[in-house]
Amino acid sequence: MTRRTLAVVSAGLSQPSSTRLLADQLAAATRDELVRRGSEVELHVVDLREYAHDVVNNLLTGFAPAALREVVDTVTGADGLIAVTPIFSASYNGLFKSFFDVLDSESLVDRPVLIGATGGTARHSLALEHAVRPMFAYLRSVVVPTAVFAAPEDWSDGTADGALRARIRRAAGELADQIDRRPPATGPADPFALTTDFLQMLGRGDDAPVS
């Protein structure tokens with residue numbers, strides 16, 4: 001059985017949070033789909049509100065406190081990522097953007113990502129396409145085609161209604177497809193690992209004679 005890790009980032013600020021509720025349902029649907037395909041899945045849920053001060057300190061100093069470093073390693077070392085933000089002023093909120101700003105720009109290259117958002121009205125749904133998707137495109141992640149937006153009317157007693165439930169299942173299936181076609185993740189990249197061998201560092205090509 002293949003072991004997979006799934007990181008879930010929620011940028012909701014309130015408690016309880018509809019953003020966290022959507023993140024949890026996307027995570028559960030993706031986990032169920034991967035399990036159905038024969039994988040063992042480990043979920044790691046990150047509530048960014050718990051790390052808000054650490055994120056700001058990282059932006060100011062350039063260094064991540066230990067708790068935030070662990071979260072960053074979890075997110076960048078996962079097989080797939082679910083990222084959900086509330087929509088403020090027609091875009092992602094500041095905490096969501098700030099967290100991804102502190103990641104190394106290469107850390108999510110080719111990483112399968114499912115994006116989601118919540119907002120007070122369905123009119124904000126296009127923020128996923130004009131703000132959130134382009135950010136992950138810049139990071140060279142592989143964002144699945146179906147983005148999931150949830151407005152207040154999409155919920156019924158804390159449960160996704162029929163249309164929202166269908167979008168969640170479709171997006172989860174797309175994320176599972178992308179994860180399935182890749183080898184298991186080996187964890188976050190070692191920032192101190194050498195990417196060039198010793199001879200190349202000395203300016204010698206592979207065919208240079210060794211004296």
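## Salt bridges

A salt bridge is a side-chain nitrogen of Lys or Arg within 4 Å of a carboxyl oxygen of Asp or Glu. In this predicted model, lysine 97 and aspartate 101 form one through their side chains, with N and O 2.7 Å apart. Both residues belong to helix H4, which spans residues 94–102. They sit four residues apart there, so about one helical turn separates them. Lysine 97 is partly exposed, at 26% relative accessible area. Aspartate 101 is partly exposed as well, at 42% relative accessibility.

The whole structure holds 16 salt bridges. One of them joins the side chains of arginine 31 and aspartate 32, at 3.4 Å from N to O. Arginine 31 is partly exposed, with 31% relative accessibility. For aspartate 32 the relative accessible area is 46%, which means partly exposed.

## A bridge between two loops

Arginine 140 and glutamate 106 also meet side chain to side chain in a salt bridge, with an N to O distance of 2.6 Å. Arginine 140 lies in the loop between helix H5 (127–138) and strand E6 (142–143). Glutamate 106 lies in the loop between H4 and strand E5 (112–118). The pair therefore ties together parts that are 34 residues apart in sequence.

Arginine 140 has a relative accessible area of 44% and counts as partly exposed. Glutamate 106, at 48% relative accessibility, is partly exposed too.

## A salt-bridge network

Some charged residues are linked in a network. Glu33, Arg36, Arg37, Asp177 and Asp180 are connected this way by salt bridges. Glu33 also takes part in the contact between helices H1 and H6.

## Overall fold

The protein has seven helices and nine strands. Of its 211 residues, 45% are buried. Take the contacts in the protein with a separation of 6 or more: 79% of them involve residues 24 or more positions apart.

## Helices H1 and H6

Helix H1 covers residues 18–36, and helix H6 covers residues 162–180. They pack at an angle of about 50 degrees, and their axes are 8 Å apart. That angle makes H1 oblique to H6. The crossing is right-handed.

On the H1 side, the contact uses Leu22, Gln25, Leu26, Ala29, Thr30, Glu33 and Leu34. H6 supplies Leu164, Ile168, Ala172, Gly173, Leu175, Ala176 and Ile179. By class, the contact has ten nonpolar, three polar and one charged residues.

## Helices H2 and H4

Helix H2, residues 52–61, packs with H4 at an angle of about 50 degrees. The axes of H2 and H4 are 10 Å apart. H2 is therefore oblique to H4. The crossing of H2 and H4 is left-handed.

H2 meets H4 through Ala52, Val55, Asn58 and Leu59. Their partners in H4 are Leu95, Ser98, Phe99, Asp101 and Val102. Six nonpolar, two polar and one charged residues make up this contact. Asp101 appears here, and aspartate 101 is also in the salt bridge with lysine 97.

## The buried residues of H4

H4 has buried residues at Leu95, Phe96, Ser98, Phe99, Phe100 and Val102. Among them, Leu95, Ser98, Phe99 and Val102 also meet H2. By contrast, lysine 97 and aspartate 101 in H4 are partly exposed.

What do the buried residues of H4 pack against? Their partners include strands E1 (2–10), E3 (80–88) and E4 (91–92). Helices H2, H3 (66–76) and H5 are partners too.

## Alanine 131

Alanine 131 is in helix H5. The residue is buried, with a relative accessible area of 9%; the cut-off for buried is under 20%.

Which residues does alanine 131 touch, not counting those up to four places away in sequence? They are Ser91 and Tyr92. Alanine 131 and serine 91 are 40 residues apart in sequence. In space, their C-alpha atoms are 5.9 Å apart. Strand E4 spans 91–92, so alanine 131 touches both positions of that strand.

Notes. Residues numbered from 1 in each chain as written. Predicted model: local features only at pLDDT ≥ 70, side-chain atom pairs only at ≥ 80, totals over all residues. Heavy atoms only, no water. Buried < 20%, exposed > 50% of the residue type's maximum accessible area, 1.4 Å probe, protein only. Axes fitted to C-alpha atoms, helices over the stretch in contact; angles between N-to-C directions. Parallel < 35°, antiparallel > 145°, perpendicular 65-115°, else oblique. Left-handed = near helix turned anticlockwise from the far one by under 90°. Contact = heavy atoms within 4.5 Å. Nonpolar A, V, L, I, M, F, W, Y, C, P; charged D, E, K, R; others polar.
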